[in-house]
Each structure stands twice: as C-alpha cells, then as structure tokens.
Amino acid sequence: MTPQIIDGKATAAIIKAEIAEEVKRIVANGGKRPHLAAVLVGHDGGSETYVKNKVLACEACGFQSSLIRYEDDVTEAELLACVDRLNQDPTVDGFIVQLPLPAHIDAQKVTERIDPRKDVDGFTPVNVGRMVIGLPCYVPATPKGIIELLRRYHIETSGKRCVVLGRSNIVGKPMAMLMMQKAYGDATVTVCHSHSATLKEECRQADIIVAAIGRPGFVTADMVKPGAVVIDVGTTRVPDATRPKGFRLSGDVDFEHVAPLCSAITPVPGGVGPMTICMLMLNTLQAAKGE
Ligand code: NAP
C-alpha cells in the first residue's frame with residue numbers, strides 16, 4: 001500500500017497564509033493587529049527553538065509579538081507578577097508561558113494564574129473544562145492541529161476506532177477528548193499509557209492511532225492494522241553526529257516499516273509539529289477577535 005503522507009508543513013503554510021490574509025483585512029478595516037506574548041525562562045534548547053519559531057510564525061501571520069525572558073533563577077513571585085501584568089495589558093491578546101519551568105517554580109500555579117481569556121495554549125482549568133463539555137474555548141494547539149490535519153485530508157473519523165497513546169495534559173488527554181466529541185472526531189476512543197497491559201492489542205484494532213509518548217520507534221509494524229491512519233506526535237531529540245545540530249528529531253513510530261501498511265501517516269519532522277505553532281496563531285487570532 002502506498003500511504004498518503006500527511007504534510008503538516010505544507011498545510012501549516014496554507015493556514016498561516018489564510019491567517020495573514022485575515023489580519024490584513026482586519027487592519028485595513030481599522031482593527032487591531034493580534035498580539036501574542038511569550039514568557040521564556042532559562043535557556044533550554046527545545047524551549048528556545050519553540051519560542052523562536054513562535055516569533056517567526058507571528059511575523060508570517062502579521063501579528064505583533066513580544067518575548068519576555070527570565071533567567072533560571074527567577075522567583076515564582078516574579079513570574080506570577082509577570083502573568084498578572086500580561087493579564088492586565090490591554091495591548092496583549094494572548095500569551096503563553098513556555099513549559100517546562102525550573103523545578104523551584106510551581107508550573108500549575110503559574111498556569112492557573114493566566115486569565116482564561118488570554119490562555120491561547122488552552123491549559124487553564126477553565127479552558128480545559130469548557131473543552132470537555134463542548135463550550136467555546138481555546139483548544140490546546142497540538143490536538144487542535146491534528147484534528148485540522150484529519151479534516152483537511154478528508155480522513156473519516158466518525159464511528160472509527162481511535163487509540164491515543166499517552167495521557168499527558170497537553171497532548172494525550174485533550175486529543176482523546178476531541179476525538180471522542182461529536183463536533184470533532186466522533187470516534188470510539190481508547191487511551192493507552194505506560195501501565196496499559198493490552199496496548200499492542202488495542203493498537204492492532206485501531207483505525208486511527210495517535211502516538212504521543214516520546215519513545216522513538218515505539219509503534220512497530222506488528223501493532224498496526226493494514227489501512228490504519230497513523231499520527232505521530234513524538235519529537236525526541238536523538239544524538240546524531242551527522243547532523244549540523246548534533247541531533248535529529250525522532251517520532252514515536254517506526255516510520256520505515258509502519259508507513260507501507262497505512263492508508264495515511266504523518267512524518268517526523270514535517271507532520272504534527274508545524275501544525276502546533278500554526279494552531280497557536282489561530283487561537284491568538286480568536287483571542288484578538290474576542291471570540
Ligand atoms: P509526557 O508528558 O512525557 O507524556 C508521555 C505519555 O506517554 C504519558 O502518559 C506516559 O504514560 C506515556 N508513555 C511513556 N512511555 C510509555 C510506554 N513505554 N508505553 C506506553 N505509554 C507510555 O509527553 P507529552 O508532553 O505528551 O509529549 C509526548 C511526545 O510528543 C514527546 O515526544 C513530545 O516531544 C512530543 N510533542 C510534540 C509536539 C508537537 O508539536 N509535535 C507537541 C507536544 C509534544 P504515563 O502517564 O503512564 O507515565
């Protein structure tokens with residue numbers, strides 16, 4: 001079987017162009033340019049890259065962006081005060097506090113301090129709760145991006161068996177919730193994690209597998225039903241001396257052996273990753289429009 005490669009990079013470029021067009025129209029009509037702020041603590045390589053890409057995406061979409069940096073030794077009180085300022089700043093439509101935070105800071109406390117109306121990551125309890133009961137909210141960017149990819153590639157999800165691997169608050173749980181909901185996936189959903197005794201069997205029965213565990217090559221060919229759709233969220237940095245940066249990104253799926261079995265599959269890189277930042281832009285546009 002020749003699988004359809006779900007091209008997140010190309011899809012994200014199209015969506016960013018759509019957003020930029022809308023921003024142009026808003027500004028031409030005298031409206032406000034959307035403004036996304038990002039708070040970055042320390043110098044973690046992954047976080048630096050994500051935030052840099054978010055700033056670039058803002059430029060591509062015609063947004064204003066602000067980056068607020070702190071060193072690793074910032075106190076929790078200082079960070080909370082920063083969140084308070086951003087909550088009150090009328091020029092900022094939405095903001096994110098890049099995770100992970102240093103161990104001496106309670107990340108949950110910081111997240112809960114964010115005004116849900118500016119919580120474009122969709123991580124505050126108010127947004128999570130609204131998503132669960134199907135009310136308008138900011139949907140976390142990675143699962144939102146996956147839903148958008150499935151939609152744009154006309155992949156039928158209604159009534160299908162979907163297995164989500166991983167149960168994190170930022171990917172696995174919201175992904176399972178969206179795939180279950182009538183307005184999004186409308187699928188029959190099973191969630192597996194590190195204590196799932198029947199994970200392989202569950203995967204073998206799945207029409208759609210979403211792998212979000214951070215274990216390179218975990219999903220092997222013997223776990224995939226012929227014709228399944230496989231979405232690979234994993235992005236683990238694997239040391240690779242042949243690459244300029246000294247590492248490559250590895251997905252959770254053994255792409256080489258799994259792809260020939262699939263009807264459609266996302267690559268890593270170039271699949272889910274570019275969609276995530278793009279959905280953050282969509283959430284910021286939503287915030288700027290006051291929706
Ligand atoms: P996380 O918070 O570390 O959660 C990992 C989940 O996978 C946990 O629920 C864990 O189970 C489960 N798990 C770990 N090892 C397992 C195993 N051997 N068998 C079954 N389940 C296992 O990770 P995350 O933040 O959700 O991220 C997952 C992956 O996606 C990472 O590679 C991350 O870099 C990537 N990611 C990519 C994007 C993107 O835009 N492409 C965005 C976010 C994350 P327990 O709950 O039992 O511990």
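Mentor: Let's settle one term before your questions: a pocket is an open set of grid points with protein on both sides within 12 Å along at least five of seven lines. Its volume is the space filled by probe spheres set on those points. Keep in mind, too, that this is a predicted model.

Trainee: Thanks! How much space lies in the second largest pocket?

Mentor: Its lining is made up of 20 residues. Lys144, Ile147, Glu148, Arg151 and Tyr184 are the ones that lie nearest the centre. The space in this second largest pocket comes to about 360 Å³.

Trainee: Which helix supplies the largest share of the lining of that pocket?

Mentor: Three helices each supply at least two lining residues: H1 (8-28), H6 (141-152) and H10 (272-288). The largest share is 6 residues, and the helix they come from is H6.

Trainee: How many residues in the lining of the second largest pocket are charged?

Mentor: Let's go through the classes. Nonpolar residues account for 10 of the lining and polar ones for 4. The charged residues number 6.

Trainee: Moving on to the cavities, which strand gives the most to the lining of the largest cavity?

Mentor: The structure holds 2 cavities of 30 Å³ or more, and the largest has a volume of about 60 Å³. Around the largest cavity you will find Phe95, Ile96, Val97, Leu99, Thr111, Ile114, Asp119, Asp121 and Phe123. By class, that lining has 6 nonpolar, 1 polar and 2 charged residues. With 3 residues from the stretch 94-97, the strand that gives the most is S4.

Trainee: And which element provides the largest share of the lining of the second largest cavity?

Mentor: This cavity holds about 40 Å³ of space, and its lining includes Leu36, Val51, Cys58 and Ser65. Strand S2 (35-41), helix H2 (45-61) and strand S3 (64-70) each supply at least two of the lining residues. The largest share is 4 residues, and the element providing them is H2.

Trainee: How many nonpolar residues are in the lining of the second largest cavity?

Mentor: Start with the other classes: there are 2 polar residues and 1 charged residue. The nonpolar count is 6.

Trainee: Now the ligand, please. What share of its area does the protein bury?

Mentor: Look at the contacts to begin with: an oxygen atom of the ligand is 2.5 Å from a side-chain N or O atom of Ser168. For Thr276 the distance from a polar side-chain atom to a ligand oxygen is 2.7 Å, and for the side chain of Thr235 it is 2.9 Å. Taken alone, the ligand exposes 930 Å², and the share of this that the protein buries is 71%.

Trainee: Which helix gives the most to the shell around the ligand?

Mentor: There are 21 residues around the ligand, with Arg167, Ser168, Ser194, Thr235 and Thr276 coming nearest. The shell has 8 nonpolar, 11 polar and 2 charged residues. The element giving the most, with 3 residues, is H10.

Trainee: One last thing: is Ala28 buried or exposed?

Mentor: Ala28 sits in helix H1. From its C-alpha to that of Gly246 is 45 Å in space, with their positions 218 residues apart in sequence. The cut-off for exposed is over 50% relative accessible area. Because Ala28 has a relative accessible area of 66%, Ala28 is exposed.

Key
Residues are numbered from 1 along each chain as its sequence is written. This is a predicted model: local features need pLDDT of at least 70, side-chain atom pairs count only at pLDDT 80 or more; totals for chains, interfaces and linings use all residues. Side-chain values use heavy atoms; hydrogens and water are left out. On a 1 Å grid over the protein atoms alone, a cavity is a set of points where a 1.4 Å probe fits but cannot get out, and a pocket is an open set with protein on both sides within 12 Å along at least five of seven lines; lining residues have an atom within 4 Å of a point. Ala, Val, Leu, Ile, Met, Phe, Trp, Tyr, Cys and Pro count as nonpolar, Asp, Glu, Lys and Arg as charged, and the others, Gly among them, as polar. Buried means under 20% relative accessible area, exposed over 50%, partly exposed in between (1.4 Å probe, protein chains only). A residue is near a molecule or strand if one of its heavy atoms lies within 4 Å of it. A polar contact is a pair of N or O atoms within 3.5 Å; within protein, one must be able to donate a hydrogen and the other to accept it, and residues adjacent in sequence count only if both atoms are side-chain atoms. Accessible areas come from the Shrake-Rupley method with a 1.4 Å probe; for residues, only the protein chains shown count as cover.
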